[in-house]
Amino acid sequence: MTSNTRVVVIGAGLAGVRLARRLGELGVSALLVGEEEHRPYNRVLLAEVLAGRYRPEVIALPSPAELTRARVTGIDRAGRTVRCADGSVIAYDTLVLATGSNAVLPPLRGLFTADTPEGGLPGGVHAFRTMDDCLGLSEAVRPGVRAVVIGGGLLGVSAARALAVRGAQVVLAQQAERLMERQLDPAASRLVRRHLTDLGVEVHTECRVRDVRCVGGAVRSVELADGYALDADLVVLACGVHPRVGLAQDAGLDVRKGIVVDDELRTSDPRIHAIGDCAQHDGTVYGLAAPAYEQADALAELLAGNARARYTGTRSLTRLTLTGHEGPFDLAAFGEPEPRPGDDVVQLADATRGTYRKVVVRDDRLVGGVLVGELGTVGALARAWEGAEPLPSDGRPLLHLLTHDGGS
Ligand SMILES: Cc1cc2nc3c(=O)[nH]c(=O)nc-3n(C[C@H](O)[C@H](O)[C@H](O)COP(=O)(O)OP(=O)(O)OC[C@H]3O[C@@H](n4cnc5c(N)ncnc54)[C@H](O)[C@@H]3O)c2cc1C
């Protein structure tokens, strides 16, 4: 690929901006097309903006040179152009889809009624995905406001904590039996729950929301499956995300959960690549920042002419910092935190300090772990996990993994 080949990247999120920046460093220019009207920003830090810890401009990403604000509405693969909502047409030689994810809107009665604007949500009901969602929520939250967060995964926990820090009376409704069940084991989940409860959040698990009740187009309460109603001035939908694959689907590309890509991040059309939350590599749609960055870096190398560059998957830790009145509460999780029969497990818990550390080892390899409140060993664990190397067989007890950081 030569630098006069036109690379067009759709989506100015974490993956798209990283790709454009890396390409610039490697001497390849790229046109980035993004629909959001804000300066590109670090989505991972939106909860800190909502909590009032950072101003929006603090989480801005270093701006790429060529950024066009437009929403792409179609791809003409034969003509190698993309069409935008404002009627403009952009030609490409290589196209990269970095369109991210959309918030899942759960099928609740009352969410889409005749009173709500087309494609919109009732007043007081917010998704939590974009800077606009965050600013809308931020404007609506004030001390004493009754907020219901639907969903107790990473997103719901972050949103509930941020709203509580802003003085809202928060109820978190989680359908699963514990918080962040995808990343955490029961003991770590209990600590997260305790942290939220200490901040004044009322947490309900195994709790299914059935209905959103509105009056005059604005939310008034949330009804649970058992008929109980929670009064609500604000509702946050934190029920997961799904990859934005509409453009790829309409263009006839191979799409399953996400846009299917190979180790060169190529879709079923070799001139079109996909990276980040919208891409499915080796059966996996990650929905996390670290894989989005790694895919962007690998693709930048490939497009700059390094034919040997490949993306072979990401083994990364999920980290979350919940900053409350009592100081930060950190957690990190990776792999399988629940052991299978025959696995070795080492765990250290300190109920007074609210810390918990656990690793699961199978056949001399680290297969999962959780650290809550005490992340001193996270560097060594991350290296052991990401490198997937066998653990040292020098007789050191496995406890070593949880008590020594190996010099990081
Ligand atoms: C509140 C919150 C907290 C999170 N916390 C964490 C965390 O702690 N750790 C972690 O690893 N991950 C976290 N994530 C997930 C992380 O933000 C995503 O994995 C990451 O943003 C993916 O980057 P991306 O570039 O693929 O997608 P995005 O960042 O979603 O960017 C995609 C961009 O493409 C634009 N776009 C889409 N379609 C078009 C179109 N047709 N035309 C023009 N533009 C278009 C979108 O508007 C968007 O700006 C969090 C997400 C949220 C919302």
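**Cores, a helix pair and a three-stranded sheet**

The largest nonpolar core has 49 residues, and the members with the most contacts inside it are Leu19, Ile75, Leu95, Leu97 and Ile275. The model examined here is a predicted one. Leucine 97 gives a good view of the surroundings: once neighbours within four places in sequence are left aside, leucine 97 is in contact with Ile10, Ile75, Ala248, Leu253, Ile259, Ile272, His273, Ala274, Ile275 and Cys278. Apart from the largest core lies another, made up of 46 residues, including Leu163, Leu172, Leu179 and Ala333.

Leu19, named above among the core residues with the most contacts, also takes part in a meeting of two helices, H1 and H7. Two packed helices are described by the angle between their axes and the distance between the axes. For helix H1 (residues 14-25) and helix H7 (residues 289-303), the axes come within 8 Å and cross at roughly 30°. The crossing of H1 and H7 is right-handed. On the H1 side, the residues involved are Leu14, Ala15, Arg18, Leu19, Arg22 and Leu23; on the H7 side they are Ala289, Ala292, Tyr293, Ala296, Asp297, Leu299, Ala300, Glu301 and Leu303. Sorted by class, this contact comprises eleven nonpolar and four charged residues, with no polar ones.

Attention now turns to the strands. An open sheet is formed by three strands in the order E13-E14-E15, with antiparallel pairing. Strands E13 and E15 stand at the edges and each has a single partner strand, so one side of each is left without a neighbour in the sheet. On average, and with direction ignored, neighbouring strands in this sheet are turned by 30° against each other. Strand E14 (residues 218-224) is mostly covered, as five of its seven residues are buried.

The two pairings can be followed residue by residue. Strand E13 (residues 209-215) and E14 are joined in the antiparallel sense over six bridges. Within this pair, arginine 213 stands opposite serine 221 of E14, and valine 215 stands opposite alanine 218 of E14. The hairpin of E13 and E14 has two residues between the strands, and glycine 216 in the turn has a positive phi of about 60°. On to the next pairing: E14 and strand E15 (residues 229-231) run antiparallel and are joined by three bridges. Serine 221 appears here again, with aspartate 231 as its bridge partner in E15. Four residues lie between the strands in the hairpin of E14 and E15, where glycine 227 takes a positive phi near 95°.

Terms used:
Residues numbered from 1 in each chain as written. Predicted model: local features only at pLDDT ≥ 70, side-chain atom pairs only at ≥ 80, totals over all residues. Heavy atoms only, no water. Buried < 20%, exposed > 50% of the residue type's maximum accessible area, 1.4 Å probe, protein only. Pairing = 2+ DSSP bridges. Core = buried A, V, L, I, M, F, W, Y, C linked by side-chain atoms within 4.5 Å. Contact = heavy atoms within 4.5 Å. Axes fitted to C-alpha atoms, helices over the stretch in contact; angles between N-to-C directions. Left-handed = near helix turned anticlockwise from the far one by under 90°. Nonpolar A, V, L, I, M, F, W, Y, C, P; charged D, E, K, R; others polar.
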